[in-house]
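Biologist: Could you take a close look at the charged side chains in this model and tell me what they pair with and how they sit relative to the surface?

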Amino acid sequence: MKMKKGDKVIVITGKQKGEKGTITKVLGESNRVVVEGIAKAKVHQKARRSTESGSIIERERSVHTSNVMLVDPKSGSRTRVGKKKVGEKWQRFAKKSGQEL
């Protein structure tokens with residue numbers, strides 16, 4: 001998977017198309033990511049003790065990686081990711097501008 005925690009992404013399909021956010025969690029086995037502010041769902045939370053009351057909270061759900069693309073640091077538009085070897089390490093770069101990610 002070419003996406004990492006902390007990357008800025010843009011949603012390319014679905015109800016929230018065009019919105020940008022930051023990846024907060026990567027679920028590698030299922031090819032999904034959790035993006036800050038995207039795909040919120042209301043979840044009913046049961047009361048833990050008899051003195052508490054139940055509540056409805058908003059939680060961020062995961063999005064499949066095919067529905068998001070990385071944001072180009074130079075132009076702010078979506079871009080594909082490439083890899084090149086710099087010395088001993090591999091470096092990710094934006095295909096549109098050539099800048100490192």
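**Charged side chains**

Modeller: Arg-49 is a good place to begin: with a relative accessible area of 57%, over the 50% mark, Arg-49 counts as exposed. In this predicted model, its side chain meets that of Glu-52 in a salt bridge, with 3.2 Å from N to O, and Glu-52 is itself partly exposed at 36% relative accessibility. The count of salt bridges comes to 2, and another pair to consider is Asp-7 with Arg-92, where the closest N and O atoms are 3.0 Å apart. This pair links distant parts of the chain, since Asp-7 lies in the segment before strand S1 (8–11) while Arg-92 belongs to strand S10 (residues 89–94), 85 residues apart. Asp-7 has a relative accessibility of 13% and therefore counts as buried, the cut-off being under 20%, and Arg-92, at 10%, is buried as well.

A further charged group faces a ring: the charged end of Lys-84 sits over the ring of Phe-93, 5.2 Å from the ring centre. Pairs between aromatic rings, in contrast, come to a count of 0.

As for the confidence of the prediction, the mean pLDDT of the chain is 89, and 99% of its residues reach 70 or more. Among the elements of the chain, strand S9 (residues 81–86) has the lowest mean pLDDT, 89, whereas strand S3 (residues 32–35) has the highest, 94.

Terms used
Residues are numbered from 1 along each chain as its sequence is written. This is a predicted model: local features need pLDDT of at least 70, side-chain atom pairs count only at pLDDT 80 or more; totals for chains, interfaces and linings use all residues. Side-chain values use heavy atoms; hydrogens and water are left out. Rings of Phe, Tyr and Trp (its six-membered ring) pair if their centres lie within 6.5 Å; planes under 30 degrees apart count as stacked, over 60 as edge-to-face and the rest as tilted. A charge sits over a ring if NZ of Lys or CZ of Arg is within 6 Å of the ring centre and within 35 degrees of the ring normal. pLDDT is the predictor's confidence in each residue, from 0 to 100. Helices (H or I, at least four residues) and strands (E, at least two) are DSSP runs, numbered from the N terminus. A salt bridge is a side-chain nitrogen of Lys or Arg within 4 Å of a carboxyl oxygen of Asp or Glu. Buried means under 20% relative accessible area, exposed over 50%, partly exposed in between (1.4 Å probe, protein chains only).
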